[in-house]
Amino acid sequence: MLDIGAQDALAAPPSPHIATPRLVLRELRLDDAPAIAAQAGDKRVAKYLIAVPTPYPVVLARRWIDARLSWWIHGRGVTLAIARREAPDELIGTVSLRRFARDRRAELGYWLGIDAWGKGYATEAADALVGHGFSQLRLSRIYAQVLEGNEASCRVLEKLGMTNEGIRRRHIRKGKKLLDVVMFGMLRHEWFERS
Ligand SMILES: CC(C)(COP(=O)(O)OP(=O)(O)OC[C@H]1O[C@@H](n2cnc3c(N)ncnc32)[C@H](O)[C@@H]1OP(=O)(O)O)[C@@H](O)C(=O)NCCC(=O)NCCS
């Protein structure tokens, strides 16, 4: 059962639906839970995600979807399923902006199932959602926090044109370890100058 109020859900505008050359970014649905549990719960994916267990039970994935739908309804951000245009029902990853409305900033997050790695999909999806964040959500700053050693994600953020803003040492706990985090960020005017 969704833990969001029916009234709130009715009052909220629909989640964005964004098409890119090869992908669709669409609203999450509860029936995406098995795909999320299987793909994000793979240890090669979960390794660089902060709070994803391996294995990842479907019931937890459903709770995560509930929480992310609630983000949108309450203006705290947006999380979208990533799917190929030719198979929009088949989730291959997710991309999100966690919004801090008072500061007009949001944190970008994303992951893809390993079968979808290495095709430029993360860059394509993140690029589209960052564009939406600056143009539709009127954000002033979008940033990302990358756990140490995650070179592929650093590269994605560089390709988006984000600036490496340095390292926060021992900033995030993952399992029993405190890890360094590389900060990447971009300001609104930088995005429009680049576009
Ligand atoms: C990070 C992730 C989303 C990248 O997805 P992707 O679709 O393969 O990314 P893209 O293809 O758009 O770009 C990846 C880039 O990293 C490069 N790359 C991949 N592995 C790399 C490595 N070990 N070292 C350096 N660069 C690497 C690729 O060559 C590519 O760069 P290029 O286009 O200049 O060749 C995916 O690996 C993933 O889901 N990882 C686990 C979860 C995660 O890390 N999420 C992000 C948390 S901040």
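Me: Two strands pair if DSSP finds at least two bridges between them. How many bridges join strand 7 to strand 8?

Reply: The model discussed here is predicted. In it, strand 7 covers residues 163–174 and strand 8 covers residues 177–187. The two run antiparallel, with Gly 166 standing opposite Met 183 in strand 8. The number of bridges joining them is 8.

Me: Which residue in the turn between strand 7 and strand 8 has a positive phi?

Reply: Strand 7 and strand 8 form a hairpin, with 2 residues between them. A positive phi of about 60° belongs to one residue in the turn, Gly 175.

Me: Which strands stand at the edges of the sheet?

Reply: The sheet is open, has 8 strands with mixed pairing, and follows the order 1-2-3-4-5-6-8-7. An edge strand here has a single partner, so one side of it is left without a neighbour in the sheet. The strands in that position are strand 1 and strand 7.

Me: Which residue of strand 3 does Leu 25 stand opposite?

Reply: Strand 2 (residues 23–27) and strand 3 (residues 77–84) run antiparallel and are joined by 5 bridges. Opposite Leu 25, in strand 3, stands Ile 82.

Me: What angle does the direction of helix 4 make with that of strand 3?

Reply: Helix 4 packs on the sheet, where it touches strand 2, strand 3 and strand 4. Its direction and that of strand 3 make an angle of about 120°.

Me: At what angle to strand 4 does helix 5 run?

Reply: Helix 5 consists of residues 121–135. It lies across several strands, including strand 1, strand 5 and strand 8. Relative to strand 4, helix 5 runs at about 30°.

Me: What is the orientation of helix 2 and helix 4 to each other?

Reply: The axes of helix 2 (residues 33–40) and helix 4 (residues 58–73) come within 8 Å and cross at roughly 110°. Angles from 65 to 115 degrees count as roughly perpendicular. Helix 2 and helix 4 are therefore roughly perpendicular.

Me: How many residues of the contact of helix 2 with helix 4 are charged?

Reply: Helix 2 contributes Ala 33, Pro 34, Ile 36 and Ala 37, while helix 4 contributes Val 58, Ala 61, Arg 62, Trp 64 and Ile 65. Of these residues, 8 are nonpolar and none is polar. The number of charged residues is 1.

Me: What is the radius of gyration of the chain?

Reply: The C-alpha trace spans about 40 × 35 × 35 Å along its principal axes. For 195 residues, a compact globule would have a radius of gyration near 16 Å. The chain agrees with this, having a radius of gyration of 16 Å.

Note on methods
Residues numbered from 1 in each chain as written. Predicted model: local features only at pLDDT ≥ 70, side-chain atom pairs only at ≥ 80, totals over all residues. Heavy atoms only, no water. Axes fitted to C-alpha atoms, helices over the stretch in contact; angles between N-to-C directions. Helix = DSSP H or I, 4+ residues; strand = E, 2+ residues; numbered from the N terminus. Parallel < 35°, antiparallel > 145°, perpendicular 65-115°, else oblique. Contact = heavy atoms within 4.5 Å. Nonpolar A, V, L, I, M, F, W, Y, C, P; charged D, E, K, R; others polar. Rg over C-alpha atoms; globule rule 2.2 N^0.38 Å.
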